[in-house]
Amino acid sequence: MYRHLLALRHVTRRTISSSARRQVENKVPEKQRLFQEDNGMPIHLKGGVSDALLYRLTMVLTVLGSGYVVYELVNAAMPKKND
């Protein structure tokens, strides 16, 4: 039993340490140039379409949430009369 665990430990150590590493391209300088560019666009929208969609979704949820809070406050302030 112990011999099997020891063999498994050696196999896992060998495969993890000897596996080829993928080289990842450094995109930081490219992103820095994009975000520091002075084109009149707000910083929170410079990321592209995904940033614009997230911004609009956030604004819609904020407006709907605020409207719901006002609705509930009005209902709490003026409860319905039970006759």
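Helices are DSSP runs of at least four residues and strands are runs of at least two, numbered from the N terminus. In this predicted model, the protein chain contains three helices and zero strands, and reading along the sequence gives the pattern α-α-α. Of the 83 residues in the protein chain, 2% are buried. The accessible surface of the protein chain amounts to about 8,300 Å², and carbon and sulfur atoms account for 62% of that surface.

Part of this surface can be described at the start of the chain, where methionine 1 occupies the segment before helix H1, which spans 2–18. Methionine 1 has a relative accessible area of 76% and is therefore classed as exposed, the cut-off for that class being over 50%. Together with Leu5 and Leu8, Met1 makes a nonpolar surface patch of about 370 Å².

Attention turns next to lysine 46, which is located in the loop between helix H2 (28–36) and helix H3 (49–77). Lysine 46 is buried, a term that stands for a relative accessible area under 20%, yet this residue has no salt bridge. The nearest side chain of opposite charge belongs to aspartate 38 and lies 6.0 Å away, whereas a salt bridge requires a side-chain nitrogen of Lys or Arg within 4 Å of a carboxyl oxygen of Asp or Glu. The side chain of lysine 46 does, however, reach the backbone oxygen of phenylalanine 35, at 3.2 Å.

The surroundings of lysine 46 can be described further through its contacts. When residues up to four places away in sequence are not counted, lysine 46 touches Leu34, Phe35, Gln36, Glu37, Asn39, Met41 and Asp51. One of these residues, glutamine 36, is found in helix H2. Glutamine 36 is separated from lysine 46 by 10 residues in sequence, and the C-alpha to C-alpha distance between them is 9.6 Å. With a relative accessibility of 65%, glutamine 36 counts as exposed, because that class begins over 50%, whereas lysine 46, which touches glutamine 36, is buried.

Note on methods:
Residues are numbered from 1 along each chain as its sequence is written. This is a predicted model: local features need pLDDT of at least 70, side-chain atom pairs count only at pLDDT 80 or more; totals for chains, interfaces and linings use all residues. Side-chain values use heavy atoms; hydrogens and water are left out. Buried means under 20% relative accessible area, exposed over 50%, partly exposed in between (1.4 Å probe, protein chains only). Accessible areas come from the Shrake-Rupley method with a 1.4 Å probe; for residues, only the protein chains shown count as cover. Lys and Arg count as positive and Asp and Glu as negative; His and the chain ends are not counted. A polar contact is a pair of N or O atoms within 3.5 Å; within protein, one must be able to donate a hydrogen and the other to accept it, and residues adjacent in sequence count only if both atoms are side-chain atoms. Contact means heavy atoms within 4.5 Å. Patches are made of residues with over 30% relative accessible area and no salt bridge: like charges are joined within 9 Å, nonpolar side chains (Val, Leu, Ile, Met, Phe, Trp, Tyr) within 5 Å.
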